[in-house]
Amino acid sequence: MTDTPDLDRALGFTIPDRHARGRVVRLGPTLDAILSAHAYPPAIEKLLTEALTLTALIGATLKDPAGQLTMQTQTQDGIVTLLVCDWRGGEVRGYVQFDADKLAAGPADPTLFALFGPGYLAITFDLATTGERYQGIVPLDGDTLAEAAQSYFYQSEQIPTLVRVGMHKDDAGRCVAGGLLLQHLPEGEEGRERLHTKLDHPEWEHVEALGRTIAADELADPALPLETLIWRLFNEESEVRVLEAQGVSRGCRCTVEHIRSVLARFPLEQRLEMADADGVIAVDCAFCSTVFPMKADELA
């Protein structure tokens with residue numbers, strides 16, 4: 001244990017004898033910064049917290065530092081009409097669009113099906129170095145987004161995977177969340193970006209069983225260092241290699257320069273139609289709720 005909270009950090013590790021790799025992540029101030037941009041109701045806040053934790057867990061597995069991981073839902077007739085999160089270079093962001101009337105008419109703690117209806121989860125990897133893009137889509141079955149992400153790796157990547165997420169609020173109302181990702185990689189950690197494997201390996205069953213013993217409150221305990229978390233799970237293994245830790249922060253990529261360049265592509269007549277009575281176009285970033293006022297006639 002430590003007096004210094006272990007927050008906003010991702011830590012990878014491998015278990016060579018078991019042909020497994022893992023990631024643990026814990027989010028704190030980063031979560032607060034993202035959630036505070038919108039006054040989300042508790043059920044939506046809980047959903048986005050889980051989604052951001054999963055995004056950090058999966059994004060931290062990218063070997064390409066300039067690569068991007070995007071998680072997005074596709075829904076039909078659910079309370080949530082859009083959920084999107086992404087990771088790039090240790091920065092995460094996320095946003096939820098939902099029907100407030102449907103949410104108010106439902107239970108206080110809606111199920112995943114109530115939130116999304118017959119929906120799907122799309123996970124996309126964009127590898128900047130090679131220009132490759134991979135996407136997998138799985139149904140939003142099960143009770144949590146973590147279960148859907150776990151199914152993605154089984155179905156789209158053929159990688160046996162265990163995903164666990166825990167979250168809570170402290171006495172001051174600050175959110176803390178943690179997650180564990182375990183994967184079976186008999187092809188090794190190095191080499192191909194997308195690794196495929198056969199199922200039913202005894203060494204994986206052993207690692208998975210240990211991973212299932214982790215408690216949600218351990219994952220979300222800021223006083224429990226991530227290294228200690230790994231030790232608790234796998235201290236009886238002959239070798240566990242802990243990789244270099246990676247910081248996690250909120251990263252919204254909206255900038256004045258980018259918005260100006262986008263608006264400047266429209267003819268002046270169309271820009272004036274977008275503007276208010278004072279000739280100002282107000283561009284609102286859905287991720288961070290920042291409003292950028294732009295004079296329609298001054299965009300070159």
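1. Let's start with what packs over helix H8. In this predicted model, the cover over the buried residues of H8 includes three strands, S1 (9-15), S2 (20-27) and S9 (175-184), together with helix H6 (202-211) and helix H7 (216-219). The residues being covered are Leu 226, Leu 229, Ile 230, Leu 233 and Phe 234, and H8 itself spans residues 226-234. Looking down the axis of H8, you will find these buried residues within an arc of 105 degrees, so they line one face of the helix.

2. Just past H8 there is a contact worth displaying on your screen. Glu 237 and Arg 18 form a salt bridge through their side chains, with an N to O distance of 2.8 Å. This pair links distant parts of the chain, 219 residues apart: Glu 237 sits in the loop between H8 and strand S10 (241-242), while Arg 18 belongs to the loop between S1 and S2. Glu 237 has a relative accessible area of 13%, under the 20% limit, and therefore counts as buried. Arg 18, at 25% relative accessibility, is partly exposed.

3. A second pair to look at is Asp 109 with Lys 46, a salt bridge whose closest N and O atoms are 3.7 Å apart. Asp 109 is in the loop between helix H3 (100-105) and helix H4 (112-116), and Lys 46 is in helix H2 (residues 42-59), so the salt bridge ties together parts 63 residues apart in sequence. Here Asp 109 is exposed, with a relative accessible area of 55%, and Lys 46 is partly exposed at 45%.

4. Back towards strand S10 (241-242), Glu 239 makes a salt bridge with Arg 241, and their closest N and O atoms are 2.8 Å apart. Both ends count as partly exposed: Glu 239 has a relative accessible area of 32%, and Arg 241 has one of 45%. Elsewhere, Asp 6, Arg 9 and Glu 227 are joined into one network by salt bridges that share partners. For the whole structure, the search gives 10 salt bridges.

5. Finally, the cysteines. How many disulfides does a search of the whole structure find? The count is 0. For Cys 175, the nearest cysteine sulfur belongs to Cys 85 and is 14 Å away. A disulfide would need the two sulfur atoms within 2.5 Å, so Cys 175 is in no disulfide. Cys 85 is buried, at 1% relative accessibility, and Cys 175 is buried as well, at 7%.

Terms used. Residues numbered from 1 in each chain as written. Predicted model: local features only at pLDDT ≥ 70, side-chain atom pairs only at ≥ 80, totals over all residues. Heavy atoms only, no water. Buried < 20%, exposed > 50% of the residue type's maximum accessible area, 1.4 Å probe, protein only. Helix = DSSP H or I, 4+ residues; strand = E, 2+ residues; numbered from the N terminus. Arc of directions from axis to C-beta. Contact = heavy atoms within 4.5 Å. Salt bridge = Lys/Arg side-chain N within 4 Å of Asp/Glu carboxyl O.
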